[in-house]
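User: I'd like to go through this structure and ask how the labels were decided. Can you start with the terms?

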Amino acid sequence: LSNVQAMPSIESVDAWSYKNTALLAQSLVYAAESHDLASCIMEGYDARKVKDLLRIPDRYAIPMTVALGYDFEERSEAIDTPRLPVEEVVFEESFGNCWSDEQ
């Protein structure tokens, strides 16, 4: 046997909580799928605004949100949207190098 022992790592409470929240979200998504529900795990939003909107106390954090719902049924006619064309917002290799799906 070796005299070398693994150094224990002590995580912060936030790191531990965020990892466990991710595991819970994954289980929720799997369960939703088994009931024919679509899901979307999201992060990168303004958590302060979400906390204000939902009246969540400051001592809690929101590492992610999960949207659940039924799949959208495609319409037969196209709907005009204010979205930019894909080639204006998706780039390849570097910013400004327009992406093309023609390979």
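Analyst: Sure. Buried means under 20% relative accessible area, exposed means over 50%, and partly exposed is in between (1.4 Å probe, protein chains only). This is a predicted model, where local features need pLDDT of at least 70 and side-chain atom pairs count only at pLDDT 80 or more, while totals for chains, interfaces and linings use all residues. Residues are numbered from 1 along each chain as its sequence is written, and side-chain values use heavy atoms, with hydrogens and water left out.

User: Why is glutamate 11 called partly exposed?

Analyst: Its relative accessibility is 39%. That value sits between the 20% and 50% cut-offs, so glutamate 11 gets the label partly exposed.

User: What makes lysine 19 and glutamate 11 a salt bridge?

Analyst: A salt bridge needs a side-chain nitrogen of Lys or Arg within 4 Å of a carboxyl oxygen of Asp or Glu. For lysine 19 and glutamate 11 the N to O distance is 2.2 Å, so the pair fits the rule. Lysine 19 is partly exposed too, at 46%.

User: How many salt bridges are there by this rule?

Analyst: Three. Arginine 48 pairs with aspartate 52, and their closest N and O atoms are 3.9 Å apart. Arginine 48 also pairs with aspartate 58, this time at 2.8 Å. Aspartate 58 lies in the loop between H2 and E2 while arginine 48 is in helix H2, so the pair ties together parts that are ten residues apart in sequence. Together, Arg48, Asp52 and Asp58 form a network of salt bridges.

User: How far apart are arginine 48 and aspartate 52 along the helix?

Analyst: They are four residues apart in helix H2 (residues 47-54), which means about one helical turn separates them. Helices here are DSSP runs of H or I with at least four residues, strands are E runs of at least two, and both are numbered from the N terminus.

User: Is aspartate 58 buried or exposed, and how do you know?

Analyst: Exposed: its relative accessibility is 58%, and the label applies over 50%. Arginine 48, at 44%, is partly exposed.

User: How do you know how many disulfides there are?

Analyst: A disulfide is a pair of cysteine sulfur atoms within 2.5 Å, and by this rule the count is zero. As for accessibility, cysteine 40 is partly exposed at 38%, and cysteine 98 is partly exposed at 46%.
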